[in-house]
Amino acid sequence: MKLTTFLALLSQIAATQACLTEKERQGGHIIDLKTRGINRRQANANNGSIPVAIGDRFNNGKAAPRGIGSQINATFDSVLNLNEIKSAVLGLAKQFSTNVEYFEMPYKTYENRTMYGAKIGNGKNKGKGNKGYRVLLESGIHSRERGGPDHLVYFISDLLWASKEGKGLTYGGVSYTPQEVRTALDQGITIIPVVNPDGLAFDQATDACWRKNRNPASSKPGDEASIGIDLNRNFAPVWDYNKYFAPGIDPASDNSSTELFHGVAPLSEPETKNVDWTLDQFPDLGWFLDLHSPATLVLYGWCHDSNQAKDKTQNWRNKAYDGKRGVVPDDPAHMYKEFLDQKDWDALTLAAARVAGGMTDSTGRFYRALQAPHLYPSSGCSADHGLVRAALDPKKKKVYGLGVEFGEWNEAAECQFYPTPEMHRMNMIENGAAFMELLLTAARLG
Ligand SMILES: [Zn+2]
């Protein structure tokens with residue numbers, strides 16, 4: 001690689017913050033709602049970003065969606081509203097009843113919503129309860145990252161339609177054969193289309209560029225920004241960052257007025273509890289993908305420090321290294337890299353590379369596979385949760401996690417996480433390829 005190309009790539013990474021704007025990173029993540037037009041929703045408030053749909057195009061679960069992989073000229077002039085996402089899943093369960101089963105989760109959100117998921121495919125294990133579901137796909141954990149639930153639901157629609165019709169799928173420049181469609185569906189897929197329904201309802205109603213959930217338990221009087229917890233800092237891995245990380249590394253925050261507020265304990269929130277519960281219900285899950293935007297990156301763990309496969313003593317449970325983690329690259333006072341079995345590392349690297357390659361080939365926009373802390377270190381991340389669970393309880397299967405950061409900033413919009421219709425369409429093509437590549441990798445690696 002030419003040095004100039006290398007430097008250009010470096011600067012691209014520095015400018016890309018994935019789920020956080022540059023200003024949020026620079027400003028200690030303090031939320032400034034005054035700049036966001038909160039409760040001022042009006043026509044054109046977002047300068048050409050795709051609107052949120054009004055109504056329900058699936059007629060309360062009576063009709064099923066159809067994605068862009070099975071009908072190349074499909075158009076999408078709005079993103080699915082919260083009710084419509086559920087209606088779409090119910091529509092799929094009705095139309096493809098032999099391959100889709102809807103289920104609900106036990107922990108209600110602060111605003112008393114019931115979270116739900118669906119079991120997809122896995123026909124050969126039908127009637128055996130939750131056995132044989134190997135891949136968990138989720139979206140909507142950061143509510144302002146618009147389009148994620150659409151991409152997941154429309155992809156599943158494509159897969160079901162193509163399998164039933166004996167057809168292949170095409171996402172831009174990449175095509176999958178009917179046999180690959182069957183292989184993908186046979187993996188057995190569990191989906192959670194909206195991990196943060198309260199946040200999504202609020203964001204869609206206000207255009208407030210809202211990331212967290214809506215739990216006010218740690219909020220401060222008169223400070224609306226202090227409502228909510230960042231659910232992608234609330235999972236178990238190295239949640240207590242003050243203990244695990246080097247001083248000065250801010251992978252999360254104790255300040256509820258920030259975008260990175262991690263809550264009062266790991267899995268303190270009903271939303272993260274429900275994801276953990278889902279992992280308990282489906283004992284054969286081995287792969288996980290969490291959809292985020294934007295950054296054109298495919299991230300894999302560990303989330304908190306660089307990986308190494310030689311020294312088992314350098315692991316997150318070893319207290320001797322508390323206060324040293326999260327410095328990337330290491331300095332003499334913080335020599336620490338997290339241990340990962342070579343086999344697990346290889347599997348994660350291959351999956352991330354295949355997903356990034358498929359996304360790149362679909363539209364020609366370059367996606368990079370990257371170990372997460374090389375962007376920035378984080379604590380309590382969803383991608384590592386399935387590895388930590390297995391480390392704490394050997395009866396549980398390891399779950400390899402990826403975080404896909406689809407798309408690019410909408411520079412013209414007040415909330416840069418809201419794509420234009422053109423961006424939304426491109427993102428949908430890329431994410432279709434991403435899901436297919438992960439499913440086919442799962443089939444290949446077991
Ligand atoms: Zn995100």
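A residue counts here as buried when its relative accessible area is under 20%, as exposed when that area is over 50%, and as partly exposed in between. With those words in hand, welcome to the structure above, which is a predicted model.

## Overall fold

Let us begin with the chain as a whole. Its secondary structure is made up of eleven helices and twelve strands. Measuring along the principal axes is a handy way to picture the extent: the C-alpha atoms occupy a box of roughly 60 × 50 × 50 Å. The radius of gyration is 21 Å, and this agrees with the value near 22 Å that a compact globule of 446 residues would have.

The contacts add another view of the chain. Take the pairs in contact whose members are at least 6 apart in sequence: 77% of these contacts join residues at least 24 apart.

## Burial, surface and charge

How much of the chain is buried? Of its 446 residues, 60% fall in that class. The accessible surface amounts to about 17300 Å², and carbon and sulfur atoms account for 53% of that surface.

The chain carries 50 positive and 51 negative charges, and the mean positions of these two sets are 5 Å apart. Side chains of opposite charge can pair when their charged atoms come close. In this model the count of salt bridges is 21.

## Salt bridges between distant parts of the chain

Arg57 is a good place to start, since its salt bridge with Glu84 has its closest N and O atoms 2.7 Å apart. This pair links distant parts of the chain: Arg57 sits in the loop between α2 (22-26) and α3 (82-95), while Glu84 belongs to helix α3, 27 residues apart. The burial of the two partners is worth a look as well. Arg57 is partly exposed, with a relative accessible area of 34%, whereas Glu84 is buried at 1%.

Another pair joins Arg354 and Glu437, where the closest N and O atoms of the salt bridge are 2.9 Å apart. Here two helices are linked across distant parts of the chain, with Arg354 in α9 (residues 342-363) and Glu437 in α11 (residues 421-445), 83 residues apart. Arg354 has a relative accessible area of 23% and is therefore partly exposed. Glu437, at 10%, counts as buried.

## A further pair and a network

Arg325 and Asp322 also meet through their side chains in a salt bridge, at 2.8 Å from N to O. Is Arg325 buried or exposed? Its relative accessible area is 0%, so Arg325 is buried. Asp322 reaches 24%, which places this residue in the partly exposed class, given that buried means under 20%.

Some charged side chains do more than form a single pair. Asp276, Asp280, Arg389 and Lys396 are linked in a network of salt bridges.

## Unusual backbone geometry

Most residues other than glycine have a negative phi, and most peptide bonds are trans. Against that background, a few places in this backbone invite a second look. The peptide bond from Ser293 to Pro294 is cis, with omega near -15°, and Pro294 is found in the loop between β7 (287-292) and β8 (297-300). A cis peptide bond also runs from Val328 to Pro329, with omega near -5°. Pro329 is placed in the loop between β9 (307-308) and β10 (338-339).

Positive phi values turn up too. Cys209 is not a glycine, yet its phi is positive at about 60°. This cysteine lies in the loop between α6 (197-206) and α7 (241-244), and Cys209 is buried at 7% relative accessibility. Val238 is another residue other than glycine with a positive phi, near 40°. Its place is in the loop between α6 and α7, and with a relative accessible area of 2% Val238 is buried.

## The surroundings of His262

Our last stop is His262, in the loop between α7 and α8 (270-281). His262 is buried, its relative accessible area being 1%. Which residues does His262 touch, not counting residues up to four places away in sequence? They are Ile229, Arg233, Asn234, Trp239, Tyr241, Ala252, Ser253 and Asp254.

Key. Residues are numbered from 1 along each chain as its sequence is written. This is a predicted model: local features need pLDDT of at least 70, side-chain atom pairs count only at pLDDT 80 or more; totals for chains, interfaces and linings use all residues. Side-chain values use heavy atoms; hydrogens and water are left out. Helices (H or I, at least four residues) and strands (E, at least two) are DSSP runs, numbered from the N terminus. The radius of gyration is taken over C-alpha atoms; the globule rule is 2.2 Å times the number of residues to the power 0.38. Buried means under 20% relative accessible area, exposed over 50%, partly exposed in between (1.4 Å probe, protein chains only). Contact means heavy atoms within 4.5 Å. Accessible areas come from the Shrake-Rupley method with a 1.4 Å probe; for residues, only the protein chains shown count as cover. Lys and Arg count as positive and Asp and Glu as negative; His and the chain ends are not counted. The place of a charge is taken as NZ of Lys, CZ of Arg, CG of Asp or CD of Glu. A salt bridge is a side-chain nitrogen of Lys or Arg within 4 Å of a carboxyl oxygen of Asp or Glu.
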